[in-house]
Amino acid sequence: MRKLFLCAAIAVLGITSVNAQEFKAAVNAGLITGDASDFYSFNLTLDAAYLWEVLDQVQVGVASGYSHSFAKEIAGFKGDDVSFLPLAAAGRLALSESFAFGADLGYAIGLNDGNDGGFYYAPRIQYGVSESIDIVAKYTGVSRDGGTFNTITLGIEFGL
């Protein structure tokens with residue numbers, strides 16, 4: 001078992017040292033869509049991704065972050081805010097020098113009481129303002145028992 005682990009570790013280190021790597025962090029703000037928009041008004045999200053270049057136009061990696069949606073006050077009552085911690089695989093495809101399309105797929109862990117989380121998906125399109133700054137438009141969905149929790153956000157992503 002130790003030999004298998006050692007071989008896997010050497011392979012991963014070999015692959016990551018040959019291919020370009022990039023760490024990205026983003027700040028996004030947006031609106032809640034679907035049925036959840038009746039109870040929640042606004043979303044703030046912090047994203048992080050570690051990507052490896054596997055082909056000239058293709059990057060794959062891992063993504064995580066923190067998503068917080070603010071509850072509306074309805075008839076004098078305000079419910080609890082909703083928070084998620086997504087853990088996902090990430091993929092990006094450069095369509096041109098400035099535009100890229102991508103998606104994150106995984107699981108979003110619910111961080112507040114009564115929030116079990118669910119399947120996480122986040123397609124995105126991004127426009128490169130400079131070599132290290134992108135503007136990102138993203139649709140995020142969390143499929144949970146009893147429905148989905150969806151947001152549309154716009155943000156800025158920094159390559160670090």
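**Aromatic pairs, barrel and internal spaces**

Tyr40, Phe84 and Phe149 are linked into a cluster by ring pairs. The structure is a predicted model, and six aromatic pairs are counted in it. One of these joins Tyr50 and Trp52, whose rings lie 5.0 Å apart, centre to centre, with 85 degrees between the planes, an edge-to-face arrangement. Tyr50 has a relative accessibility of 29% and therefore counts as partly exposed. Trp52 is likewise partly exposed, with a relative accessible area of 22%; the cut-off under which a residue counts as buried is 20%.

A further pair is formed by Phe99 and Tyr127. The ring centres of Phe99 and Tyr127 are 5.1 Å apart and the planes meet at 55 degrees, so the pair is classed as tilted. Because Phe99 belongs to strand β7 and Tyr127 to strand β8, the pair ties together parts that are 28 residues apart in sequence. Phe99 is partly exposed, at 40% relative accessible area, and Tyr127 is also partly exposed, at 37%.

The strands that carry these two residues belong to a barrel. Eight strands close into this barrel, in the order β1-β2-β3-β6-β7-β8-β9-β10, and the pairing is antiparallel. On average, neighbouring strands of the sheet are turned by 25 degrees against each other, direction ignored.

Strand β6 follows β3 and precedes β7 in the barrel order. On one side, β3 and β6 are paired in the antiparallel sense over 10 bridges. Two residue pairs illustrate this contact: Ser69 has Val82 of β6 as its bridge partner, and Val60 has Gly91 of β6. On the other side, β6 and β7 run antiparallel and are joined by 11 bridges. Here Pro86 has Ala108 of β7 as its bridge partner. β6 and β7 form a hairpin, with four residues between the two strands. In a regular strand, side chains alternate between the two faces of the sheet.

The largest pocket in the model has a volume of about 600 Å³. Its lining consists of 24 residues, and those nearest the centre of the pocket are Lys24, Ala94, Ser96, Glu97 and Ala100. Two or more lining residues come from each of β1 (21-33), β2 (40-55), β3 (58-71), β6 (82-94), β7 (99-110) and β8 (118-128). By class, the lining of the largest pocket holds nine charged, eight nonpolar and seven polar residues.

Apart from the pocket, three cavities of 30 Å³ or more are counted. The largest cavity encloses about 100 Å³ of space. It is lined by 13 residues, among which Ser67, Tyr120, Thr140, Val142 and Thr151 lie nearest its centre. The elements giving two or more residues to the lining of the largest cavity are β2, β6, β9 (133-144) and β10 (147-159). Six polar, five nonpolar and two charged residues make up this lining.

The second largest cavity has a volume of about 70 Å³. The lining of the second largest cavity comprises 13 residues, and Asp47, Ala48, Ala63, Asp104 and Arg124 are the closest to its centre. At least two lining residues are supplied by each of β1, β2, β3, β6 and β8. The largest share, three residues, comes from β2. The lining of the second largest cavity has six nonpolar, six charged and one polar residue.

Strands β2 and β6 recur in the descriptions of these spaces. Both give two or more residues to the lining of the largest pocket, to that of the largest cavity and to that of the second largest cavity.

How values were computed:
Residues are numbered from 1 along each chain as its sequence is written. This is a predicted model: local features need pLDDT of at least 70, side-chain atom pairs count only at pLDDT 80 or more; totals for chains, interfaces and linings use all residues. Side-chain values use heavy atoms; hydrogens and water are left out. On a 1 Å grid over the protein atoms alone, a cavity is a set of points where a 1.4 Å probe fits but cannot get out, and a pocket is an open set with protein on both sides within 12 Å along at least five of seven lines; lining residues have an atom within 4 Å of a point. Grid points are joined across faces, edges and corners, and a volume is the space filled by probe spheres set on the points. Ala, Val, Leu, Ile, Met, Phe, Trp, Tyr, Cys and Pro count as nonpolar, Asp, Glu, Lys and Arg as charged, and the others, Gly among them, as polar. Two strands pair if DSSP finds at least two bridges between them. Axes are lines fitted to C-alpha atoms, for helices over the stretch in contact, and angles run from 0 to 180 degrees between N-to-C directions. Rings of Phe, Tyr and Trp (its six-membered ring) pair if their centres lie within 6.5 Å; planes under 30 degrees apart count as stacked, over 60 as edge-to-face and the rest as tilted. Buried means under 20% relative accessible area, exposed over 50%, partly exposed in between (1.4 Å probe, protein chains only).
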